[in-house]
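I pulled up the sequence and the model to see how the chain is put together. My notes follow.

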Amino acid sequence: MDIVVTARHCELKERFRVHVAEKLARLEKLEHRALWVDVEVSREPNPRLADVAERVELTVHSKGPVIRAEAKAADRYAALDLAVERLEARMRKVADRRRVHRGARTPVSVARA
C-alpha cells in the first residue's frame, strides 16, 4: 500500500511522514485490497480558529469503495490520531458489509446469544 502525503499551506517534516506511515501500517489488516492512501494536511491561517487549525484528510483508494476520513485539531498529530480512528471505524463497517449474512455463515444475533 502506497502512502502519498501532501501539505497545503504548511511545511511537513520527515518525522511526521514517518509517523503517518506507522499509523497507517495497521490499516492493512482491515483492507487488503487497498492500493494507496492519500494524506492531505492543511493549516488554517486564521488565528481565531487556533483550536482547529490543523486539518488531516485520509482517503483510501482500493478496488472497492473509496473510504474517507477527516479530522481537525490544534495539533497535526492529534488530528491524525482522530482521522485514523474514524477511518478504522469506516473500514470495519465496509468489511462487515462484505461478509455473507445468509446461510451457514450467518452471524449469531445478540438475541440468540
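**Surface first, then strands**

I started with the outside: the chain exposes about 7,700 Å², and carbon and sulfur atoms supply 49% of it. Those areas come from the Shrake-Rupley method with a 1.4 Å probe.

Note to self: this is a predicted model, where local features need pLDDT of at least 70 and side-chain atom pairs count only at 80 or more, while totals for chains, interfaces and linings use all residues. Numbering starts from 1 along each chain as its sequence is written, and side-chain values use heavy atoms, with hydrogens and water left out.

I checked pLDDT (the predictor's confidence in each residue, from 0 to 100). The chain averages 86, and 89% of the residues score at least 70.

Next, the layout. I read β-α-β-β-β-α from the N terminus on, with helices (H or I, at least four residues) and strands (E, at least two) taken as DSSP runs and numbered from the N terminus.

Then I looked at strand β3 (residues 54–62), where eight of the nine residues are buried, meaning under 20% relative accessible area with a 1.4 Å probe, protein chains only. Across the chain, buried residues make up 33% of the 113.

What does β3 pair with? Strand β2 (residues 34–43) pairs with β3 in the antiparallel sense over nine bridges; pairing takes at least two bridges found by DSSP. Here tryptophan 36 stands opposite histidine 61 in β3.

β4 pairs with β3 too, antiparallel over seven bridges. I found valine 60 opposite isoleucine 67 in β4, and four residues between β3 and β4 in their hairpin.

Methods:
Buried means under 20% relative accessible area, exposed over 50%, partly exposed in between (1.4 Å probe, protein chains only).
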